[in-house]
Structure formats: structure tokens, C-alpha cells
Amino acid sequence: MRLLIKQRVFSWTDSYDVYDEYGDRKYFVKAEFLTLGHQIHVYDTQNREVGCIRQKLMTLLPEFRIEMDGMECGSIQKKFTFLRPKYGVDCNGWRVEGDFLGWDYDVYAGCSAVIHISKEPLHWGDTYVLDFADPADEKMGLLLVIAIDAANCSE
């Protein structure tokens with residue numbers, strides 16, 4: 001299963017449309033304007049909130065809480081490194097490895113890759129591809145990828 005995340009180029013806040021592999025819009029992502037810290041909401045096509053990413057304030061390095069159906073279900077914290085960004089992930093027992101700045105990384109459960117994330121070149125606005133091994137991981141995986149993007153952009 002595949003999702004494509006396309007950035008809305010002309011928007012006041014971080015906004016993305018999320019499409020399935022057939023080009024049908026499945027979700028949209030919108031950041032709140034004028035808030036302390038990032039607060040990013042994910043909605044389905046019926047405008048129901050699927051999840052939310054909230055930045056934890058007063059931390060040395062960026063940290064985000066992932067909420068789904070009104071319950072906190074994970075977090076991500078950027079680790080202190082000199083060369084390449086690394087993240088501490090507490091979400092579904094997953095770990096994340098790869099090139100975060102180049103948008104080419106994988107999410108693992110144990111020794112099996114559950115999601116592969118890559119960036120498509122030569123598009124108007126950023127376009128990211130999420131390939132899922134199991135469609136059941138779709139919502140949680142989408143929220144995790146958006147949280148990683150927020151952590152990359154919050155310094």
C-alpha cells in the first residue's frame with residue numbers, strides 16, 4: 001500500500017494533501033497558525049480529525065507527542081548528533097533508520113521494515129512517498145512521518 005504526501009506550495013501554514021496510490025485524496029494535514037510550538041492536525045476527507053502532533057515546549061531538543069483518537073500513542077525526540085539527525089521513537093515499538101534530511105528512511109518493527117519513506121524529485125512543492133507493508137499501519141505511520149518532518153523543521 002502506498003500514500004503520497006504533497007505539500008501545498010501557497011499556504012500560510014504547513015499544509016499537505018495525502019493521496020492513495022490511485023491518486024484519490026485520502027487525508028489533509030494542516031498546522032495551526034500563531035501557536036506556541038507546532039500543532040499539526042490530520043483530517044480525513046469528511047473533515048474528521050484522525051490525529052494530532054503537538055510539540056512539547058521547554059525542551060532542549062525538539063520533542064513531539066503523537067495523538068490518535070484523542071489518546072497519546074507515541075512520541076518522537078530529536079537526539080543530539082553532529083553529522084546526521086537521529087530520533088528517539090516511542091511509537092508502536094518501532095525504530096527509524098536512514099537519511100532523514102534526504103527523505104530516504106525506513107521504519108522497523110523488530111527486524112522487519114513496516115514503512116519505507118522517500119522523497120520524489122522534480123515536483124512543484126515537496127512530494128513524499130510512504131510504502132506500507134501492512135495497510136493497518138497507515139494512520140500511525142502517517143502521523144509518525146509528519147512528526148519527523150516537524151522535528152526536522154523546528155530548529
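This section describes the sheet, the helix, the cysteines and the salt bridges of a predicted model.

The fold contains an open sheet of 12 strands, arranged in the order 8-7-6-5-4-3-2-1-12-11-10-9 with antiparallel pairing. The edges are occupied by strand 8 (86-91) and strand 9 (94-99); each has a single partner strand, so one side of each lacks a neighbour in the sheet. On average, and with direction ignored, neighbouring strands are turned by 20° against each other. Within the sheet, strand 1 (residues 2-7) and strand 12 (residues 127-132) run antiparallel and are joined by five bridges. One residue pair of this kind is K6 with T127, the latter lying in strand 12.

Helix 1, formed by residues 138-153, lies across strands including strand 1, strand 6 (63-68) and strand 12. Its direction makes an angle of about 155° to strand 6.

No disulfide was found, the search of the whole structure returning zero. For C52, the closest cysteine sulfur belongs to C73 and is 10 Å away; because a disulfide requires sulfur atoms within 2.5 Å, this separation is too far for a bond. C73 is likewise in no disulfide, its nearest cysteine sulfur being that of C91 at 5.7 Å. The two residues C52 and C73 were also assessed for accessibility. C52 is buried, with 1% relative accessibility, whereas C73, at 25%, is partly exposed.

Eight salt bridges were found in the whole structure. Side chains of opposite charge can pair when their charged atoms come close. In the pair formed by R2 and D131, the closest N and O atoms are 2.7 Å apart. This pair links distant parts of the chain, since R2 is in strand 1 and D131 in strand 12, with their positions 129 residues apart. Both partners are partly exposed: R2 has a relative accessible area of 35%, and D131 one of 23%.

A further salt bridge connects R25 with D17, with 3.4 Å between the closest N and O atoms. Here R25 is partly exposed at 39% relative accessibility, while D17 is buried at 12%, the limit for a buried residue being under 20%.

R65 pairs with E72, for which the closest N and O atoms are 3.8 Å apart; this distance falls within the 4 Å cut-off for a salt bridge. R65 is partly exposed, with a relative accessible area of 21%, and E72 is exposed, at 51%. Together with E63, these residues, R65 and E72, are linked in a network of salt bridges.

Methods: Residues numbered from 1 in each chain as written. Predicted model: local features only at pLDDT ≥ 70, side-chain atom pairs only at ≥ 80, totals over all residues. Heavy atoms only, no water. Pairing = 2+ DSSP bridges. Helix = DSSP H or I, 4+ residues; strand = E, 2+ residues; numbered from the N terminus. Axes fitted to C-alpha atoms, helices over the stretch in contact; angles between N-to-C directions. Contact = heavy atoms within 4.5 Å. Buried < 20%, exposed > 50% of the residue type's maximum accessible area, 1.4 Å probe, protein only. Salt bridge = Lys/Arg side-chain N within 4 Å of Asp/Glu carboxyl O.
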